[in-house]
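Student: I would like to learn how to read a chain model, going from its overall make-up to helix packing and then to single residues. Could we take the features in turn?

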Amino acid sequence: MLFMPINMCQPGMRLAKNIYNDDGMVLLAVNVELTQRLLDRLFSYGIDYIYIEDARTNDIIQEDVIQDETRSKAVIEIRNTFKKVMEDSNKRGAVNYYDIGRNFRNVMKMIIDDLSAHEGAMVMLNNMNVKDNYLFQHSVNVSIYAIMLGISYGYSRDKLETLGLGALLHDIGKTKVPLGILRKPSQLTPDEFKEMKNHTTYGFNLLKDEPNIPLLSAHCALQHHERINGSGYPRGIQGGEINEFARWIGLVDSYDAMTTTRVYRRPLLPHEAMEQLFAGSGTMYDQSQIALFRDKIAIYPLGITVRLNTGEYGIVSKLNMTVPHRPTIRVLQDEAGTVLKEPYEIDLSSKLSILISEIGEIKVSESELDSSMPTLL
């Protein structure tokens, strides 16, 4: 399969992986033939990359570390909880949420079990979900990344649940932010940004007294925007004053935000977002935490189309656990753009002079491709 930018796909190509709506349900199923109308709709939904069937790369399969059932249940639980909190905002008096911890512990068990079954695998959360409700998908993604890191770091099951709950609910305070601010498509005014920053305190106040939510999870909601140099909010604390779980969550929260489509900007590719994180190493984020995260993330996703500095075109065919930025490339076209009858592979970890120079840049004419192959523009 190929992992291609939506604007490079053509009618007649077939989908190689399911696309989901914000309820976690299948919107477009595998093997659907794409039309221009479907491609336009996917683009309008904020989906930037999709998996496409390709005869030359049928052996390249991206294994999901999270089962569809797990993600669907997590998204639905987040959606129902957040919507209930929003509705309760208009009620007078104190409102309790005794079920939050109990319901989400079941979700945590499913996520931890899924990730534990793939311990050692590199994680790539694809962008094949409708972004009607960014907040729900983002919360689930952050919890998956955080738990994956917690497993790699050696946390106990209890600590993984506490970390996972903090990650899944880190943005629950946004339910108290006016929708006009939360969904504003342009830059916030200083007053609006001040209100947006209050979501950390709102979240802490929502969670701190709930009997089924660990206090440390509530502190994750409060501290996930704090930075180790003291430049964060709401209190401007620094270094060891920020609890370790909140530092993990702050890191992956930034990464997922950067790699997800927003109304005001395009998403960064994984390697671009990782560069941004390393730019803040030692000031914004803990260097050792970034290093571990880098080693667990597929910086160049499996199946993504690339151009090498040699001029050759191909796709990422194998990930490299030891050197994530040096994957194996299956070359499909030579430097002139001519389709190769016999593709070959280059292991970048052993060919240090060869580099990935561009992403998603395969360009050939339809007449050059075999009828069994999709046209790559």
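Tutor: What follows is a walk through a predicted model, with the general idea given before the case where there is one.

Student: Let us begin with the whole chain: how many helices and strands are there, and what percentage of the residues count as buried?

Tutor: The chain holds 12 helices and nine strands, and 55% of its 377 residues count as buried. As for contacts with a separation of 6 or more, 65% of those in the chain are between residues 24 or more positions apart.

Student: How should I read the packing of two helices, and what is the case for α9 and α10?

Tutor: In general, two packed helices are described by the angle between their axes and the distance between the axes. Here the axes of α9 (residues 215-223) and α10 (residues 244-258) come within 9 Å and cross at roughly 45°. Because angles under 35 degrees count as roughly parallel and those of 65 to 115 as roughly perpendicular, this value makes α9 oblique to α10. The crossing in which α9 passes α10 is right-handed.

Student: Which residues make the contact between α9 and α10?

Tutor: From α9 the contact takes L216, H219, C220 and Q223, and from α10 it takes F245, A246 and I249. These residues of the contact of α9 with α10 divide into five nonpolar, two polar and no charged.

Student: How are α7 and α8 placed, roughly parallel or oblique to each other?

Tutor: The axes of α7 (residues 190-197) and α8 (residues 199-207) come within 4 Å and cross at roughly 25°, and the two helices are therefore roughly parallel to each other. E195, M196 and K197 of α7 make the contact with H199, T200 and Y202 of α8, and the residues of this contact of α7 with α8 divide into two nonpolar, two polar and two charged.

Student: What can be said about K197, which is in helix α7?

Tutor: K197 counts as partly exposed because its relative accessibility is 28%. Its C-alpha atom is separated by 10.0 Å from that of G232, and these two residues are 35 residues apart along the chain.

Student: Now a loop residue: where is T175 found, and does it count as buried or exposed?

Tutor: T175 is found in the loop between α5 (157-168) and α6 (179-182). With a relative accessibility of 6%, T175 counts as buried, since the cut-off for that class is under 20%.

Student: What does T175 touch, and what lies 2.6 Å from a polar atom of its side chain?

Tutor: Leaving aside residues up to four places away in sequence, T175 touches F82, V85, M86, S89 and L206. A polar atom of the T175 side chain lies 2.6 Å from the backbone oxygen of I172.

Student: Finally, how should I read the backbone angles, and what are the cases at N31 and at the peptide bond from Y233 to P234?

Tutor: As a general guide, most residues other than glycine have a negative phi, and most peptide bonds are trans. N31, a residue other than glycine, has a positive phi near 80°; this residue is in the loop between β3 (26-28) and α1 (36-44), and with a relative accessible area of 40% N31 is partly exposed. The peptide bond from Y233 to P234 is cis, with omega near 15°, and P234 has its place in the loop between α9 and α10.

Terms used: Residues numbered from 1 in each chain as written. Predicted model: local features only at pLDDT ≥ 70, side-chain atom pairs only at ≥ 80, totals over all residues. Heavy atoms only, no water. Buried < 20%, exposed > 50% of the residue type's maximum accessible area, 1.4 Å probe, protein only. Polar contact = N/O pair within 3.5 Å; in protein donor to acceptor, adjacent residues only side chain to side chain. Contact = heavy atoms within 4.5 Å. Axes fitted to C-alpha atoms, helices over the stretch in contact; angles between N-to-C directions. Parallel < 35°, antiparallel > 145°, perpendicular 65-115°, else oblique. Left-handed = near helix turned anticlockwise from the far one by under 90°. Nonpolar A, V, L, I, M, F, W, Y, C, P; charged D, E, K, R; others polar.
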